[in-house]
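Colleague: Got a minute to walk me through this one? I'd like to ask a few things as we look at it together.

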Amino acid sequence: MMIDISAIGRAPVIVGGGIAGLMTALRLAPMPTIVLAKAPLQTEASSAWAQGGIAAAIGPDDDPALHLADTLAAGDGLCDPHVAGRVTAAGPAAIEMLLRYGVRFDRDSAGALQLGLEAAHSRRRIVHASGDGAGREIMRALVAAVRETPSIRVLEGFDARRLMVTDGMVSGVLAESSTRQWLLPTSRVVLATGGVGGLFLDTTNPGGSFGQGLALAARAGAALVDMEFVQFHPTALDTGGHPLGLVSEAVRGEGATLIDETGMRFMAGLPGGELAARDIVARAVWRHLAAGHRVYLDARAALGLNFAAHFPAIAAACLTAGIDPARQPIPIRPAAHYHMGGISVDRHGRSTLPGLWACGEVAGTGLHGANRLASNSLLEAVVSAVSAAASVAGAPAGQDCREVAMTLPPPADPVPIRPILSRAAGVVRTYDGLAASIGSLLPLVESTDPAADPALVALLIAVAALRRCESRGGHFRSDFPASDAAFRQRLTMTLDNTLHAAREIASSDCCYA
């Protein structure tokens, strides 16, 4: 099909319609801006599914320095302390900004914002909306604001397929709608495309969140970082299907416990118990399941008949599955939930490729390190969007894009990748499993198969996980179960060096064993 240069102009193009993308567009106003969204706003973005809330040090007993300390501890030695300090310090202002956009956060009887507790936080600092609907409520307010902003043009049903690069700089976005292909000429692209959970069999993310932004950036030549660090939420609703429903960590924050089919609370003797860091809880649940047990989250004593009042969306999901959380324990299992890695960016959201920015989950900012502190993701989405917008606004428009003939690959299909990556790069990993997955993924990456882009992102994760011969945060190698000071560094990779490493591994000449 003929690629058409639209008459939209050379405005900045934001790829992604979640919190990070919409906030970037709003902060760029009144500059004309284009937002590309694969689906109608508030339907497929992971942001709308976020239950836990947004972390900010606004309580009378709290301080951004305490929030920073908790973030660094959860990150297991790999957080960028300057980035983490900037983001946690911006937390109170981020809440105020969202309130100005009309977000209706939960308040107590005196009108103060209610603050919840989640794992690895030393204070109650999680701001909720409708109990377990923070993401949905923030998206409601931001979508309304975007719809009312005349400088923002939202193109729904548009899938960004490739970035155009001219003389080493971004020069356009190749996109596809249901009826045609488009070339949007621009020298300023912001990727805000979310995470990678759709690459796994068990995930709490929308199926379309399979790292397409990471594939776009890698194929255009940008560097990526921390790709091995995938956070598995320990309490996904174990009722089958794809994706799995999420049972927020906030339920454990209110006192729910993890038990098995015998009623035994199997985490009672571990430091932190059910409120230990997510990687610790996820591995404990995984091991108990692997030993042949069923695992449940029991909120009967902690919440009982008040469960639905506290967590209406979770209660509705449970009831749909035939479970009454007020009277029955909830069956759970770990599921891919959040990606700590992503496109390597500086504090302004700029990637290593001129003209390309990234914010939100797709960006590897250094905030999370090896393991994300609960509810820091929505905070990062807001704060990093503000920084990226300021940087984009100050960037020159660049040169005109040259029209080129290009045949786009078929629409991406992550389904064949899910069993491969789930076996190799799940909660517990081994050299043999990772090496086998690389051998399976490499031919797909080098093909024109619909699975090529998802396979590329999976390959980046697998190669990084194989290179990291230790266990740290969300990355656990059973053949290297301890952390190693030699690996207390972030691993940066590009498409070229990843393919080179993968070919060595596939030919059994790998030096990482």
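Modeller: Sure, and keep in mind that this is a predicted model. Let's begin at a glycine just after helix 6.

Colleague: Okay, what phi does Gly221 take, just after helix 6?

Modeller: Find the end of helix 6 and look just past it, where Gly221 sits. Its phi is positive, at about 110 degrees.

Colleague: And helix 6 itself, why is it largely enclosed by the rest of the structure?

Modeller: Go through residues 212–220 and ask which ones have under 20% relative accessible area. Gln212, Gly213, Leu214 and Ala220 are among the buried ones. Helix 6 is largely enclosed because, of its nine residues, the number buried is eight.

Colleague: Now the largest nonpolar core: which helix gives the most to it?

Modeller: That core has 74 residues, and Leu36 and Leu191 touch the most other members. Among the helices, the top giver supplies 12 residues, and that's helix 14 (residues 452–467).

Colleague: How many residues are in the other core, the one apart from it?

Modeller: Its members include Ala48, Ala84, Val190 and Leu379. The full count for that core is 52 residues.

Colleague: Last one: in the open sheet of three strands, which are the edge strands?

Modeller: The order is 4-6-5, with antiparallel pairing. Strand 5 is joined to strand 6 by two bridges, and Gly116 has Ile126 as its bridge partner there. An edge strand pairs on one side only, and that gives us strand 4 (54–55) and strand 5 (115–116).

Methods
Residues numbered from 1 in each chain as written. Predicted model: local features only at pLDDT ≥ 70, side-chain atom pairs only at ≥ 80, totals over all residues. Heavy atoms only, no water. Buried < 20%, exposed > 50% of the residue type's maximum accessible area, 1.4 Å probe, protein only. Helix = DSSP H or I, 4+ residues; strand = E, 2+ residues; numbered from the N terminus. Core = buried A, V, L, I, M, F, W, Y, C linked by side-chain atoms within 4.5 Å. Pairing = 2+ DSSP bridges.
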